[in-house]
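Colleague: Hey, can you walk me through this one? I'm new to this, so please keep it plain.
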Amino acid sequence: MVLKLVGAPVSTCTRRVATVLVEKKVPFEFIPIDMSKGEHKAASFVSNQPFGQVPYIDDDGFILYESRAIGRYLCDKYPDQGAKLVPALNDVKGRALFEQAASNEYQNFDPLAYRACFEMIFKKRRGLTPDPAVFEQLITALAAKLEAYEIILGKQKYLAGDEITLADLFHIPYATTLALAGTDIMSKQGPNVTRWYKELSERPSWVAVKDGVQSMSSY
Amino acid sequence: MVLKLYARKFVSGGTAIVALVLAEKQIPFELIEIDLPTNQNKTPEHLVRHPFGQIPCIDDDGFVLYESRAICRYLCDKYPDQGTQGLYPTGLKERALVEQGASVELTDFIPYVLQVFRELYLKPSHGQQTDQAVVDQALAELYKKLDVYEVILGKTKYLAGDEFTLADLFHLLAAPRLADLGVDIWSERGPNVQRWWKDISTRPAWLKLRAEGVTETTTTN
């Protein structure tokens with residue numbers, strides 16, 4: 001049975017998963033959830049994703065949520081199909097360096113990038129007033145983290161080494177949303193971060209999903 | 001060469017979970033203490049090891065790794081058959097469920113715990129005022145998330161199934177420190193959550209670690 005991706009068409013986390021599905025050339029059926037109607041809080045949804053968040057996958061009865069867990073699962077299920085985005089399971093050091101980079105995304109990038117986007121974009125959508133001072137503080141803190149990225153990306157092409165991994169791809173949804181929030185920080189930090197960000201934002205798998213996820217039956 | 005752990009003796013944060021996995025997996029290590037008040041984490045020497053200037057990090061016979069949750073996964077992958085079994089299973093679906101639980105810890109648990117910790121401990125220690133409204137809101141959000149944990153833990157014994165895994169272990173990173181500060185986030189939660197927290201926070205290796213601090217070992221016992 002074809003994999004089902006249940007999510008919202010332009011949600012950051014849903015697009016994060018869709019990018020990986022496209023990279024790994026995995027056919028999927030997209031089942032859109034209308035969050036404005038509260039469909040993510042319905043009993044039938046919550047029985048699969050108890051936090052009431054998008055997305056989740058239903059892979060022939062195997063339910064999995066959390067976009068970064070789904071990304072890893074897809075790469076481990078289809079190691080020889082599509083792009084190689086994580087080192088082999090028995091490459092213990094390679095996996096460790098991947099997890100180190102993935103942890104950086106979650107710890108050092110996502111909280112600041114997410115809150116910056118929340119302040120200037122998501123608050124408006126909920127009828128709240130953005131606070132530019134808070135936004136500036138978050139961007140300043142993010143710039144400090146990106147100084148370390150600039151050093152890392154001066155020694156190797158991508159965050160886990162010289163091959164692209166999920167750790168790089170996981171950044172794309174919020175990194176690209178930052179521009180909509182009113183900052184060009186991803187292109188101003190230094191030549192290495194700029195080169196890396198440009199390549200990620202132009203990645204064909206992201207371009208295929210960025211304006212809205214749709215079912216893909218073949219590649 | 002024995003693994004070097006760059007950290008401190010005090011059991012908190014990333015150091016806590018790495019030290020716990022070293023103990024659970026009976027992995028010998030040498031502790032090289034990095035003193036934070038004197039900014040030993042910001043020396044050029046340490047920044048080569050850890051570009052974000054944090055602790056812990058390890059040097060495993062020349063292989064340098066940072067980010068505590070990455071280190072924990074590495075140690076489990078390197079020593080699958082030693083010490084406590086099944087912390088990071090290799091089966092496709094089993095591992096995916098551990099990663100799901102680990103992601104939940106990062107998204108739905110630790111941000112609120114750290115907000116409370118920051119307001120009640122870090123800010124006062126730097127001469128800044130606690131913002132009680134932030135504490136109250138963080139706790140309110142945390143309790144809503146723990147209501148979902150209650151549902152999950154009614155179906156399985158632990159977060160990723162019926163075995164203790166890294167997904168559960170990662171929760172020991174900061175939450176125990178709230179109890180040290182006199183904040184009880186557990187005793188008014190549901191019975192499943194209370195059962196689970198009691199189970200994971202009274203593991204013998206954890207109790208020993210909290211009592212003795214991070215203590216290097218040169219032999220397995």
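Modeller: Sure, one term to start with: a contact means heavy atoms within 4.5 Å. In chain A, take the contacts between residues at least 6 apart in sequence: 67% of them join residues at least 24 apart.

Colleague: Okay, and what should I know about the model itself?
Modeller: This is a predicted model, where local features need pLDDT of at least 70, side-chain atom pairs count only at pLDDT 80 or more, and totals for chains, interfaces and linings use all residues. Residues are numbered from 1 along each chain as its sequence is written, chains are lettered from A and ligands numbered from 1 in the order in which they are written, and side-chain values use heavy atoms, with hydrogens and water left out.

Colleague: How many helices and strands are there in chain A?
Modeller: Chain A has nine helices and four strands. Helices (H or I, at least four residues) and strands (E, at least two) are DSSP runs, numbered from the N terminus.

Colleague: And in what order do the elements of chain A run from the N terminus?
Modeller: They go β-α-β-α-β-β-α-α-α-α-α-α-α.

Colleague: What radius of gyration does chain A have?
Modeller: It's 17 Å, which agrees with the value near 17 Å for a compact globule of 219 residues. The radius is taken over C-alpha atoms, and the globule rule is 2.2 Å times the number of residues to the power 0.38. Along its principal axes, the C-alpha trace of chain A spans about 50 × 45 × 25 Å.

Colleague: What share of the residues in chain A is buried?
Modeller: 55% of the 219 residues. Buried means under 20% relative accessible area, exposed means over 50%, and partly exposed is in between (1.4 Å probe, protein chains only).

Colleague: How much area does chain A expose?
Modeller: About 9,500 Å², with carbon and sulfur atoms supplying 53% of it. Those areas come from the Shrake-Rupley method with a 1.4 Å probe; for residues, only the protein chains shown count as cover.

Colleague: Can we zoom in on a residue? Where is A:Thr19?
Modeller: A:Thr19 sits in helix α1 of chain A, which covers residues 12-23.

Colleague: Why does A:Thr19 count as buried?
Modeller: Because its relative accessible area is 3%. Leaving out residues up to four places away in sequence, A:Thr19 touches A:Ser205, A:Trp206 and A:Val209.

Colleague: What about A:Pro32, where does that one lie?
Modeller: In strand β2 of chain A, residues 28-32. A:Pro32 is partly exposed, at 48% relative accessibility. Again not counting residues up to four places away, A:Pro32 touches A:Gly7, A:Pro9 and A:Glu39. There's also A:Ala8: it is 24 residues from A:Pro32 along the chain, yet their C-alpha atoms are separated by 5.3 Å.

Colleague: Switching to chain B. What pattern does chain B follow along the sequence?
Modeller: Chain B reads β-α-β-α-β-β-α-α-α-α-α-α-α. Its radius of gyration is 18 Å, close to the 17 Å from the globule rule for 221 residues, so chain B is as compact as a globular protein of that length. Of those 221 residues, 52% count as buried.

Colleague: Which domains does UniProt list for chain B?
Modeller: The unreviewed UniProt entry gives "GST N-terminal" for residues 1-83 of chain B, and "GST C-terminal" for residues 91-217 of chain B. UniProt positions are given in the numbering used here, feature names are shortened, and annotations may be inferred rather than shown by experiment.

Colleague: How much helix and strand is in each span?
Modeller: Residues 1-83 of chain B are 35% helix and 22% strand, and the end C-alpha atoms lie 20 Å apart. Residues 91-217 of chain B are 69% helix and 0% strand, with the end C-alpha atoms 31 Å apart.

Colleague: Let's pick a residue there. Is B:Gly101 buried or exposed?
Modeller: B:Gly101 is buried, because its relative accessible area is 6%. B:Gly101 lies in helix α4 of chain B, residues 92-125. B:Thr165 is 64 residues from B:Gly101 along the chain, with 9.2 Å between their C-alpha atoms.

Colleague: Last one: what is B:Ala205 in contact with?
Modeller: Aside from neighbours within four places in sequence, B:Ala205 is in contact with B:Leu20, B:Ala23 and B:Glu24. B:Ala205 is found in helix α9 of chain B, residues 204-212. B:Gly62 is 143 residues from B:Ala205 in sequence and 27 Å from it in space, C-alpha to C-alpha.
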